[in-house]
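Biologist: Hi! Could you walk me through the salt bridges in this one?
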Amino acid sequence: MTSRTELPTQGLLIDGAWGPAGDGGATRATSPSSGAAIASLAMAGPGDVDAAVTAARAAAPAWAAAGPFERAAVLRRMATAVVGAAESLTYALSADQGKPLAEARDEVGELELYLRMAAEDAIRLEGRLPPSVRSDRRVLLQRVPLGVAGIIVPWNWPYTMAAELFAPALAAGNTVVWLAAPTTGACSAVLASVINAGEVGLPPGALNFLNGAGPVAGDALAGHPGVDAVGFIGSIATGRSVAARAAGKAQILELGGNGPLVVLDDAELDAAVAATLEASYLCAGQSCTAGERILVHRAVRGAFVERLEAAVAAQVHLGDPFASGTTMGPLNNDGVATKTDEHVAQAVAAGARVAAGGRRADGFPTGLYWQPTVLDGVTPDMLIAREETFGPVAPVIEVADDAEALALTNASPYGLLTAVFTEDLGRGLRFAEAVRSGWVNINASTNYWESHLPFGGRSGSASGRGRVGGATVLEQLSELKTITFPA
């Protein structure tokens with residue numbers, strides 16, 4: 001393992017100043033790959049949340065009045081600061097989250113993209129000049145910020161999932177209170193330090209940063225009367241709690257998924273196998289868009305599983321995130337590792353066959369290393385097919401035809417993302433149009449998405465409400481103000 005284990009002691013950033021929690025609350029951040037303590041983290045309580053919201057409210061009028069071009073300039077300087085600190089951010093992310101360095105570098109690159117994209121969207125957020133019923137008056141519809149945005153983000157993509165909310169919130173003229181997940185609080189604080197550096201020019205109180213437990217700090221932030229909008233990315237259960245606490249506020253909730261990767265009988269199997277590797281093992285399967293169910297036509301299931309087994313053995317290398325050749329690191333925390341244990345064990349007990357992996361790996365410093373796993377013979381009633389596992393497992397379910405694949409997809413309470421593989425574009429489009437998902441990829445992995453496009457759960461599903469991605473977030477975190485005046 002790498003000897004570089006320590007990150008700086010991390011406090012809370014409130015009104016431009018770093019400091020300890022008001023009640024002295026703190027915890028130690030532990031690396032999932034080595035088990036070593038890597039930082040001391042201040043843990044916010046309700047009093048710290050109130051102080052951060054108060055600071056954000058005080059900073060809101062000046063930040064809104066700064067105008068879109070000035071805000072865009074600040075966001076561009078944030079992006080430049082990220083580029084300058086890319087290696088430190090990459091190391092901190094691998095140490096704290098557990099993902100391999102190559103994945104961490106990709107996330108830092110996408111983080112820069114989110115900041116630059118928000119800067120450009122800021123100067124293109126336009127109002128309208130609709131007609132008046134009176135010839136002697138004119139009407140102006142002006143886009144204005146909502147006020148204070150509370151941002152609560154998860155640990156699997158702690159940089160990009162934070163930035164896809166706080167960057168457009170700032171671009172639209174809102175001030176922000178950002179609450180990081182404690183299991184990636186150390187690397188998140190490194191990012192908060194980078195983008196709040198003096199040369200960036202972000203005013204004190206415009207972006208406040210907290211670490212804290214969801215039931216304590218998250219609950220206080222979502223329900224705080226000084227917060228005008230809440231953006232949350234995370235589990236369905238927590239999302240429902242956040243939605244209830246944030247009743248009456250603008251909400252963006254990007255929740256869980258169990259959307260399948262569907263392989264039809266005319267699919268190009270090598271392409272489908274390559275996409276399954278990305279779908280099931282990127283970030284060790286810890287993604288809301290992971291390939292949690294692989295629905296494969298019975299005519300090609302045997303060949304598909306055989307090729308998938310070989311590809312996993314040859315291409316997915318579990319190991320130290322800092323070691324050359326590692327393509328998959330450990331899981332981030334014991335909760336998700338235990339859930340993966342339970343889901344795989346229940347599936348095997350009910351008749352599924354372990355085609356690859358199937359258990360935690362031996363010989364590593366922590367128990368969070370889970371083997372890349374392929375399960376064949378999974379049935380729709382098994383727990384691993386019904387719930388979000390969030391581990392490195394590809395559960396293969398045989399289907400008879402397109403109709404059964406579509407029925408199984410739409411029977412799920414989730415509705416986030418679906419992928420379908422077929423060489424017939426018309427067939428793929430018909431499937432995509434009938435699927436109850438917010439996003440559908442034809443001949444691409446479930447983990448394929450583009451940062452500027454609207455992404456979120458289908459209405460009526462358990463996968464959330466609203467959309468992240470590009471200018472759509474600015475629109476959701478601003479509102480139209482009507483002004484009439486004489487001609």
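Biologist: What does Arg76 form a salt bridge with?
Modeller: Arg76 pairs with Glu120, and their closest N and O atoms are 3.1 Å apart. A salt bridge here is a side-chain nitrogen of Lys or Arg within 4 Å of a carboxyl oxygen of Asp or Glu. Keep in mind that this is a predicted model, where local features need pLDDT of at least 70 and side-chain atom pairs count only at pLDDT 80 or more, while totals for chains, interfaces and linings use all residues. Residues are numbered from 1 along each chain as its sequence is written, and side-chain values use heavy atoms, leaving out hydrogens and water.
Biologist: Cool. Is Asp265 buried, exposed or partly exposed?
Modeller: Partly exposed, as Asp265 has a relative accessible area of 35%. Buried means under 20% relative accessible area, exposed over 50%, and partly exposed in between (1.4 Å probe, protein chains only).
Biologist: And which residue does Asp265 form a salt bridge with?
Modeller: That's Arg427, with the closest N and O atoms 2.8 Å apart. Asp265 sits in the loop between strand S11 (260–263) and helix H9 (269–281) and Arg427 in helix H14 (residues 425–434), so the pair ties together parts 162 residues apart in sequence. Helices (H or I, at least four residues) and strands (E, at least two) are DSSP runs, numbered from the N terminus. Arg427 counts as buried, at 16% relative accessibility.
Biologist: New topic: how many salt bridges does the structure hold?
Modeller: There are 20 salt bridges.
Biologist: Which residues are linked in a network of them?
Modeller: Arg298, Arg301, Glu309, Arg353, Asp376 and Glu398 are joined that way.
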